[in-house]
Amino acid sequence: MSDKLNFHFDVDGENFVSAGQASVQVKKNLRELGLPPEVIRRVSIAMYEGEINMVIHANGGFADVDVYEDKIVITLDDKGPGIKDIALAMQEGYSTASDQVRSLGFGAGMGLPNMKRYTDDMQIDTRVGVGTKITMTIRL
Amino acid sequence: MTVKELLDRHGFTALSLPDPDREVSGCYIGDLLSWVMGRAGSDNVWLTIMTNINTVAVASLTDVALVLLTENVQPEPEILAAAKAKGVNVASTEKPTFEAAVLLRDDV
């Protein structure tokens, strides 16, 4: 497999009910490819956290999962408000989510830390007022 | 022990049981979904009072063996339909979370 396989998703910014659909679909796709369960778990959790972040903070965006021979790369791209202080956002427990979001069980301030925890590499490219692009790599 | 055996032993009520023969191993307790995402393990029994649609997604993605809803909380029918569609086992008990966890102590 020299070429990559790409799965592309539009993440709906308004909808908490459908949030997670892309992650569940990716989980299914990776299972069909016969990848190890622990890899599938890591990819789908990291992606779900990213999806939820885009719904909570950025009014949606795009998610791409690229499967290579030796790695999986997840790219999350939004035109949201950007992250003012990345170090603060990476702290477990820090969140700017609303009470409504918290009542749904989110906003624990674990999203970005979980994404880092479950991937081998995470790059955050963010500009306030422009958007955020997060690239996560999981090595196979 | 399988999910079905666990439910029978303790009298928990099955609400969605697409995978009754799944083996359980370990337990995680929590209601903050991201916290659970970061810490629950595959095959765990997950004890929670959170019953919105995202509970099902988190259960599916973390690959827990069973969601055990405590304190007699009851999910909406569409939540259970989603659980069945995604292959997520869900059961309920009237017991508070601590008491339910104590019951499970020697089984998981």
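In the predicted model, B:E71 is placed in the loop of chain B that runs between β4 (66-69) and α4 (77-86). The phi angle of B:E71 is near 60°, a positive value in a residue other than glycine. Most residues other than glycine have a negative phi. With 15 other C-beta atoms within 10 Å, B:E71 is classed as partly exposed, since burial would require 20 or more such atoms and full exposure 12 or fewer.

A positive phi, of about 60°, is also found at A:N59, likewise not a glycine. A:N59 follows just after α2(A) and belongs to the loop that leads from α2 to β2 (60-67) of chain A. Because A:N59 has 15 C-beta neighbours inside 10 Å, A:N59 too counts as partly exposed.

The helix that precedes this loop, α2 of chain A, comprises the 21 residues 37-57, for which a rise of 1.5 Å a residue predicts a span of 30 Å; the C-alpha atoms at its ends are 30 Å apart, in agreement with that expectation. Of the 21 residues of α2(A), 16 are buried, and the helix is therefore largely enclosed by the rest of the structure.

Between the two chains, 18 residues of chain B are in contact with 21 residues of chain A. On the side of chain B that touches chain A, α2 (33-39) and α3 (53-62) of chain B each supply at least two residues, and α3(B) gives the most, with 6 residues. By class, this side of chain B consists of 8 nonpolar, 7 polar and 3 charged residues.

Notes: Residues numbered from 1 in each chain as written. Chains lettered and ligands numbered in written order. Predicted model: local features only at pLDDT ≥ 70, side-chain atom pairs only at ≥ 80, totals over all residues. Helix = DSSP H or I, 4+ residues; strand = E, 2+ residues; numbered from the N terminus. Expected span 1.5 Å × (residues − 1). Contact = placed C-beta atoms within 7 Å. Nonpolar A, V, L, I, M, F, W, Y, C, P; charged D, E, K, R; others polar.
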